[in-house]
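Thanks for coming. I will put the structure on the screen and then walk through it one part at a time.

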Amino acid sequence: MRTIKSKQDFERVFHQGRSYRHPLMRMIACNTLDEGDPGRVAFVAAKRLGCAVVRNRSKRVLREAARACAFPRAGFDVILFATPKTKTSSPQEMQAALRSLCSRAGIDG
């Protein structure tokens, strides 16, 4: 799974991307720089969610949902954010939420 790592890439996605919300997660998606680029994905859990154990579990659940939904999608850079409800949700609920966000964003694969 290719991930977004540099600060410049994060800022580009923040400024050029569109935000989509679901009670279980938040997503910002934008097109990649080059047309044929494979997509990348990043997982974010803010400190306000709780201790490191809670944040790491939230990111694990996000990663598993992304794998199940065949992320990253070609042509799109995506940042997935954990919400307070992420830490108590099941992987199946997260997959359904991510599919919903993808259809709203128009990145159905």
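How far apart should the ends of helix α2, residues 52–68, be, and how far apart are they? Helix α2 has 17 residues, and at 1.5 Å a residue the expected span is 24 Å. The end C-alpha atoms of α2 lie 24 Å apart, which agrees.

Before going on, a word about confidence. What you see is a predicted model. The mean pLDDT over the chain is 91, and 99% of the residues reach at least 70. Within the chain, confidence is highest in β1, at 96, and lowest in helix α3, residues 91–105, where the mean is 92.

Back to α2. Which of its residues are buried? They are R55, S58, V61, L62, A65 and A66. Looking down the axis of α2, these buried residues fall within an arc of 140 degrees, so they line one face of the helix. As background, an α-helix has 3.6 residues a turn, so residues three or four places apart point the same way. On the other side of α2, V53 and R67 are exposed.

Helix α3 can be put through the same exercise. Its 15 residues should span 21 Å at 1.5 Å a residue, and the end C-alpha atoms of α3 are 21 Å apart, in agreement. The buried residues in α3 are M94, Q95, A97, L98, L101, C102 and A105. These cover an arc of only 165 degrees around the axis, which puts them on the same side of α3.

Now the sheet. In what order do the strands come? The sheet is open and has 4 strands, ordered β1-β2-β4-β3, with mixed pairing. The edges are taken by β1, residues 18–22, and β3, residues 40–44; each has a single partner strand, so one side of each is left without a neighbour in the sheet. From one strand to the next, the twist averages 15 degrees.

Take β1 and β2 as a pair. They run antiparallel and are joined by 5 bridges. The connection between β1 and β2 is a hairpin through 2 residues. On the other flank, β2, residues 25–31, pairs with β4, residues 76–82, again in the antiparallel sense, over 7 bridges.

I28 in β2 is a useful place to stop. S19 stands opposite I28, and in β4 the bridge partner of I28 is I79. Elsewhere along β2, R26 has F81 in β4 as its bridge partner. Is β2 mostly covered or mostly open? Strand β2 is mostly covered, with 5 of its 7 residues buried.

At the edge strand β3, I will pick out V44. V44 is partly exposed, because its relative accessible area is 25%. V44 and K59 are 15 residues apart in sequence, and their C-alpha atoms are 6.8 Å apart in space.

Next, the loop between α2 and β4. There are three residues to look at here. C69 is in this loop, and at 4% relative accessibility C69 counts as buried. The C-alpha atoms of C69 and A96 are 9.1 Å apart, although the two residues are 27 apart in sequence. A70 is in the loop between α2 and β4 as well, and A70 has a positive phi of about 60 degrees although it is not a glycine. P72 also sits in that loop, and a cis peptide bond joins F71 and P72, with omega about -5 degrees. For context, most residues other than glycine have a negative phi, and most peptide bonds are trans.

Last topic: the cysteines. A disulfide is a covalent bond between the sulfur atoms of two cysteines. How many disulfides does the model have? The count is 0. For C102, the closest cysteine sulfur is that of C69, at 6.2 Å, too far for a bond; the cut-off used is 2.5 Å. C102 is buried, with a relative accessible area of 2%. C51, by contrast, counts as partly exposed at 45% relative accessibility.

To recap: the model has an open sheet of 4 strands. Helix α2 has its buried residues along one face, and the buried residues of α3 are on the same side of that helix. The loop between α2 and β4 holds C69, A70 and P72. That is the tour.

Note on methods: Residues numbered from 1 in each chain as written. Predicted model: local features only at pLDDT ≥ 70, side-chain atom pairs only at ≥ 80, totals over all residues. Heavy atoms only, no water. Pairing = 2+ DSSP bridges. Axes fitted to C-alpha atoms, helices over the stretch in contact; angles between N-to-C directions. Buried < 20%, exposed > 50% of the residue type's maximum accessible area, 1.4 Å probe, protein only. pLDDT = per-residue confidence, 0-100. Expected span 1.5 Å × (residues − 1). Arc of directions from axis to C-beta.
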